[in-house]
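Trainee: I'd like to go through the salt bridges in this one. Can you walk me through how each label is earned?

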Amino acid sequence: MLDSNILDQVRSIFANLDAQYTIVSSCSPERSETSEMTSFLNDFASTSSHIATNHLSASGDTLEFSILKDNEPTGIKFRGIPNGHEFTSLLLAILNADGKGKNLPDEMICRRINALDGEIKLQTYVSLTCTNCPDIVQALNIMAITNPRISHEMIDGALFQAEADAMKIQAVPTVYANGKMLHVGRGSLGELLEKLESQVGTVVSDNSETDCHNYDVIVVGGGPAGASAAIYSARKGLKVAIVAENIGGQVKETVAIENLISVPHTTGAQLANSLHAHISDYPIDVFENRRIESAILKDSQKIINVVGGEMFVAPAVIIATGAGWRKLGVEGETEYIGRGVAFCPHCDGPLYAGKHVAVIGGGNSGIEAAIDLAGICKKVTVLEFADTLRADQVLQEKARSLSNVEIFTSAQTTQVLGNGEKVIGLEVKDRVTEQTRRIDLDGVFVQIGLSANSTPFASELETTQIGEIIIDAHCRTSVPGVYAAGDVSSVPYKQIIVAMGEGAKAALSAFDDRVRGLI
């Protein structure tokens, strides 16, 4: 079933496995996919003498397999055939269980995972076409490997449609912890860990102390600006740390990138991997899966506090935390996220095949989403707050040429309507006539741009009305020794190539200030 070239690549990846692994499948002969799964797993196991299969017959609609390490459970289960984007999740499940893989968390994150209280059963409903689902699956698999009291199963919603419908799942990935919804949509190991700490609690050791890390330069954020700033700082011979939720940042959510000069075409995932590889060429300490809790910036030694009890100290801080999806901020939006309110048309669009959806936002991202959704949805309604669309003309022309796309400008969404289980419509006000009407529909995709991730620093630094950190031409902020670069700053044009340049500029400014004795 698996292509011979893929099998050869997997053999190379598994060449240095140490432990013995058994893939135990349980499949019902009544399921049409049983033969496919058996063939898939046999092909996969053939790539290493350290991997064996054990196929068991089951009843009902069972279609699953678990992974054992040296005949002991790893806590990892796949309900479905992990093809597509989830194939990497299966590869990493074996590698991570063997103590290998660049995605393994550091000691501090492992301590936090092991401190989670009680037995935890995690379930993630996915789509094999979802580009965000593997990040969630891989992160939760790591938790299962790290903490023997945690188990995790990936569930292919397409193969267990009745179950997904019964759970009222309208977005992927959707994560449940002990039967209670934990998370919906894109996320990182750090974000999931923090949510679990809040939901199930932690057992903290009596002798726990705050970990303090001292550096010459701390770069907060791991996107293009942060990576550039760290590399330029390291090239000056400085002791540098990156503190970030992940390497790649917002870039990882971009499907296609065609305006990074000298690179005609790449993807967000590929660029994130390239950033990681370039960073690893230098003695840069990377602390991923960290969320900034607070910052003290006005003293000569700046202090960055992160969730989990760590402290990072340096005379120079470069803030490159980027931006996140902006929400509508209207009644019903938060309540129905994952139940009809979505932000990623690539991941969640297939869940609305043959249905009526709205796209809120008439910029490039909104019109691109409308065009993509038009190919699978019965009807797409675009709602733009301004009196004209802001998208490129070529995109507007394409959208207007589609018979199942309707576009309304001067349209203000005032409420997301639901029936307690899912979205059933929107309340929209015409900003010209002031008349309000209801639009009955099945889903809403919010595409109204990004907002700067500056909240932890807002009380210490000057910001614009929309939260961007104000910088001068040298990326200096209102506080000496603190610099900002990329989408979190007031620099115009939020582009990858601009962010990279701004990161380099911030690093050079910090070094120049250091040489001149200003910090």
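Mentor: Sure. The count comes to 27 salt bridges, where a salt bridge is a side-chain nitrogen of Lys or Arg within 4 Å of a carboxyl oxygen of Asp or Glu. Keep in mind that this is a predicted model: local features need pLDDT of at least 70, side-chain atom pairs count only at pLDDT 80 or more, and totals for chains, interfaces and linings use all residues. Residues are numbered from 1 along each chain as its sequence is written, and side-chain values use heavy atoms, with hydrogens and water left out.

Trainee: What makes D98 and K100 a salt bridge?

Mentor: Their side chains come to 2.6 Å, N to O, and the cut-off is within 4 Å, so the pair qualifies.

Trainee: Is D98 buried or exposed?

Mentor: Buried means under 20% relative accessible area, exposed over 50%, partly exposed in between (1.4 Å probe, protein chains only). D98 has 10%, so D98 is buried. K100 has 24%, so K100 counts as partly exposed.

Trainee: How do you know that K168 and E421 form a salt bridge?

Mentor: Their closest N and O atoms are 3.8 Å apart, so they pass the same test. This pair links distant parts of the chain, 253 residues apart.

Trainee: Why is K168 called partly exposed?

Mentor: Because its relative accessible area is 33%, between the two limits. E421, at 40%, is partly exposed too.

Trainee: What about E191 and K195?

Mentor: Their side chains meet at 3.9 Å, N to O, so that's a salt bridge as well.

Key:
Helix = DSSP H or I, 4+ residues; strand = E, 2+ residues; numbered from the N terminus.
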